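Here are some exercises to work through with the model open on your screen. Try each task before you read its solution.

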Amino acid sequence: MESLIFSGNSNIPLASAVATLLRRSLGKVELIRFADSECRVRIEEEVEDKDVFIIQSLSNPVDENLMELLLLGDAVKRGEARKIIAVLPYHGYARQDRIHRPGECLSAQVVAKLIEAVGFDKLVTFELHNEAILGFFKIPVVHLSGLSVFRPLVERLKDDVVVVTPDAGALKRSQKFSEGLDLPLALIEKKRDLNQPHKILSMRVVGDVKDKIAIVVDDVIVTGGTLVNAAYLLKEKGAKQVIAAATHADFVGGADKILQDSPVDKIWVTDTIVIPEEKRFPKLHVLSSAALLAAALEKMVK
């Protein structure tokens, strides 16, 4: 059974790299954006009775990229593909996975329903903010960890290293990473302001970081504010170096300058989200996730 790989506009470099590793070319797609911002999609390949993979990061602008994914899925479904697999290197709306206050929507569940309603048969994604949202899907979900690409960098560090989880919600992710490298774990306890996004009211370190390289492990960096506050706190507690390791780099609001001017010594991220040249800075190190993603898809590609 032949398979095809298509890509939306959100992360063509990564999609192309994955296709190359799978010894394929990206399928031809016509994506037109009208003056009123509406999108029109046309698949320019024969997809009938084929397994089709659609690679699309749901990164900023999230709603535009989500609509592209849904319309691509519908176009392929109408072409009578045998199976349609959504490949989301970055899953937008995944952080809206619970209701904090009365009257809020459960956005992660809404997006899951949209993906299923279009007719996708399976989803492959990286580093969800919370694995609990896997329960929002009725279709199978392959959940990959992008943090494994950082292991060789950590293993090259010759000083004492401690893995730091930036909040209780990231504890499971950080534990897996630290246990895989046989490293100690520390925790930053923080209290968020539910009325102001990205605002932290208080933070404290639980664990020993003195005279160690502290590697703060997280799923995504957005504004960089939380990470910068964590770096100040860790260095106050005696950490001699702070390195951030995050699968996704969803930089907004001048995060590039904030991070470059911060006490964070290095920022390691992957290419699940395209980082334009103007948002790159000396402390930033971008690693490819293509091989990891291609290895997962190779089991499904025929």
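**Exercise 1.** In this predicted model, find which residues of helix 1 are buried, and work out how they are arranged around the axis.

*Solution.* Start by taking buried to mean under 20% relative accessible area. By that cut-off, the buried residues of helix 1 (12–21) are L14, A15, V18 and A19. Next, look down the axis of helix 1: these residues fall within an arc of 135°, so they line one face of the helix. The spacing follows a general pattern: an α-helix has 3.6 residues a turn, so residues three or four places apart point the same way. Now turn to the other side of helix 1, where P13 and T20 are exposed. Finally, ask what covers the buried residues of helix 1: the cover includes strand 1 (3–7), strand 4 and helix 8.

**Exercise 2.** Repeat the analysis for helix 8 (residues 290–298), and identify what covers its buried residues.

*Solution.* First, pick out the buried residues of helix 8, which are A290, L293, A294, A296 and L297. They span an arc of only 160° around the axis, so they sit on the same side of helix 8. Their cover includes helix 1, strand 4, strand 5, strand 6 (122–126) and strand 7 (141–144). Helix 1 is thus part of the cover for helix 8, just as helix 8 is part of the cover for helix 1.

**Exercise 3.** Describe how helix 2 and helix 3 pack, from their axes to the residues in contact.

*Solution.* Begin with the axes: those of helix 2 (residues 62–78) and helix 3 (residues 107–118) come within 9 Å and cross at roughly 20°. Angles under 35 degrees count as roughly parallel, so helix 2 is roughly parallel to helix 3. Then list the contact residues. Helix 2 contributes L66, L69, L70, G73, D74 and K77, which meet V111, L114, I115 and V118 of helix 3. Sorted by character, the residues of this contact comprise 7 nonpolar, 1 polar and 2 charged.

**Exercise 4.** What is notable about the backbone at R23, at E80 and between N60 and P61?

*Solution.* Recall the background first: most residues other than glycine have a negative phi, and most peptide bonds are trans. R23 is not a glycine, yet its phi is positive, at about 60°. You will find R23 in the loop between helix 1 and strand 2 (29–33). With 65% relative accessibility, R23 counts as exposed. E80, also not a glycine, has a positive phi of about 65°, and it lies in the loop between helix 2 and strand 5 (83–88). The peptide bond joining N60 and P61 is cis, with omega about 0°. P61 belongs to the loop between strand 4 (51–55) and helix 2.

**Exercise 5.** Locate G238 and find which residues it contacts beyond its sequence neighbours.

*Solution.* Go to the loop between helix 6 (225–236) and strand 12 (241–249), which holds G238. Set aside neighbours within four places in sequence, and G238 is in contact with V209, K210, D211 and K212. For a distance check, compare G238 with I273: they are 35 residues apart along the chain, and their C-alpha atoms are separated by 33 Å.

**Exercise 6.** Decide how compact the whole protein is.

*Solution.* Count the elements first: the protein has 8 helices and 14 strands. Its radius of gyration is 20 Å, close to the 19 Å that the globule rule gives for 302 residues, so the protein is as compact as a globular protein of that length. Buried residues make up 51% of the 302 residues.

Definitions and conventions. Residues are numbered from 1 along each chain as its sequence is written. This is a predicted model: local features need pLDDT of at least 70, side-chain atom pairs count only at pLDDT 80 or more; totals for chains, interfaces and linings use all residues. Side-chain values use heavy atoms; hydrogens and water are left out. Axes are lines fitted to C-alpha atoms, for helices over the stretch in contact, and angles run from 0 to 180 degrees between N-to-C directions. Helices (H or I, at least four residues) and strands (E, at least two) are DSSP runs, numbered from the N terminus. Angles under 35 degrees count as roughly parallel, over 145 as roughly antiparallel, 65 to 115 as roughly perpendicular and the rest as oblique. Contact means heavy atoms within 4.5 Å. Ala, Val, Leu, Ile, Met, Phe, Trp, Tyr, Cys and Pro count as nonpolar, Asp, Glu, Lys and Arg as charged, and the others, Gly among them, as polar. Buried means under 20% relative accessible area, exposed over 50%, partly exposed in between (1.4 Å probe, protein chains only). The arc is that of the directions from the helix axis to the C-beta atoms. The radius of gyration is taken over C-alpha atoms; the globule rule is 2.2 Å times the number of residues to the power 0.38.
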